[in-house]
Amino acid sequence: MTVQSEELNQDPPRTTAQIHASFPSAGFFRRLAAMVYDLLVAVAILMLASGIAMLLPGILSKAGIIELTESFTAADWLNQTPLYGIYLMTVLGLFFGWFWWRSGQTIGMRAWRLKVQQRHGQRLTKKQAFIRIITCAFGLGNLWVLVDFKNRRAWHDYAAGTELVTLSKEANQLYYWKEL
């Protein structure tokens, strides 16, 4: 009789999403540290993207479509058009958006045990990742965490219906949460 009553008093097992929904919101300085880490990765990604973009003026020059000289280089040709800036912003958006959508963590976020998720613990949808990208203001939206003491959410978290949480060491060890 005692064993049965103990079994009835036990809470049902929690899902991974419920566990993740219980993690605390991330503070400003942890976010900042992850941003610095991700900045280093983003610079490397931009350098690679720029190297790839430099192929286009070279190809156009060989085809006789544009003329490059010592005073008008491939870099000059790229910098004269807003498309180059749009291309670089798209590359960065895809980089961050893919990580946020796929696992909820960029490389810097993983190092600092942060994860972006929906308010109820689920992974982000593609729409939410896109909304975060266009509303993050290059990370400046995180300054709102210094004012929002109660929820510790940034502008882009409010806009996308997401939150940034601090994971436990154990939870951070898992890369993809299959249930989420």
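Buried, in this tour, means under 20% relative accessible area, exposed means over 50%, and partly exposed covers what lies in between, with a 1.4 Å probe and protein chains only. The model is predicted, so local features need pLDDT of at least 70 and side-chain atom pairs count only at pLDDT 80 or more, while totals for chains, interfaces and linings use all residues. Residues are numbered from 1 along each chain as its sequence is written, and side-chain values use heavy atoms, with hydrogens and water left out.

**Stop 1: the charged network**

Select Asp157 and Arg31, both of which are buried. Their side chains meet in a salt bridge at 3.4 Å, N to O, where a salt bridge is a side-chain nitrogen of Lys or Arg within 4 Å of a carboxyl oxygen of Asp or Glu. Asp157 lies in helix α9 (residues 155-160) and Arg31 in helix α3, so the pair ties together parts that are 126 residues apart in sequence; helices here are DSSP runs of H or I with at least four residues, strands are runs of E with at least two, and both are numbered from the N terminus.

Now add Arg132, whose side chain meets that of Asp157 in a salt bridge of 2.3 Å, N to O. This pair links distant parts of the chain, with Asp157 in helix α9 and Arg132 in helix α8, 25 residues apart. Salt bridges that share partners thus join Arg31, Arg132 and Asp157 into one network. Asp157 counts as buried at 0% relative accessibility, and Arg132 does so at 4%.

**Stop 2: the strand pair**

Move to strand β1 (residues 114-118), where 5 of the 5 residues are buried. Strand β2 (residues 162-166) runs antiparallel to β1 and is joined to it by 5 bridges, two strands being paired if DSSP finds at least two bridges between them. One position to pick out is Gln117, whose bridge partner in β2 is Glu163.

Glu163 also takes part in a salt bridge with Arg119, side chain to side chain, at 3.1 Å, N to O. Here the two residues are 44 apart, Arg119 in the loop between β1 and α8 and Glu163 in strand β2. Arg119 is partly exposed, at a relative accessible area of 39%, whereas Glu163 is buried at 5%.

**Stop 3: helix α6 and what covers it**

Select residues 82-102, helix α6, whose 21 residues reach 30 Å from the first C-alpha to the last, close to the 30 Å expected at 1.5 Å a residue; the expected span is 1.5 Å times one less than the number of residues. Its buried residues include Tyr84, Leu88, Phe95 and Trp100. What covers the buried residues of α6 includes α3 (28-53), α5 (74-79), α7 (107-111), β1 and α8 (126-135). Just after α6, Gly104 takes a positive phi of about 80 degrees.

**Stop 4: Asn172**

Which residues, leaving aside neighbours within four places in sequence, is Asn172 in contact with? They are Gln105, Arg110, Arg113 and Leu167, contact meaning heavy atoms within 4.5 Å. Asn172 lies in helix α10 (residues 169-173) and is buried, with a relative accessible area of 8%.

**Stop 5: the annotated spans**

Finally, colour residues 39-61, 81-101 and 129-147, which an unreviewed UniProt entry annotates as "transmembrane region"; UniProt positions are given in the numbering used here, feature names are shortened, and annotations may be inferred rather than shown by experiment. In the model, residues 39-61 are 96% helix and 0% strand, with end C-alpha atoms 33 Å apart. Residues 129-147 are 37% helix and 0% strand, and their end C-alpha atoms lie 23 Å apart.
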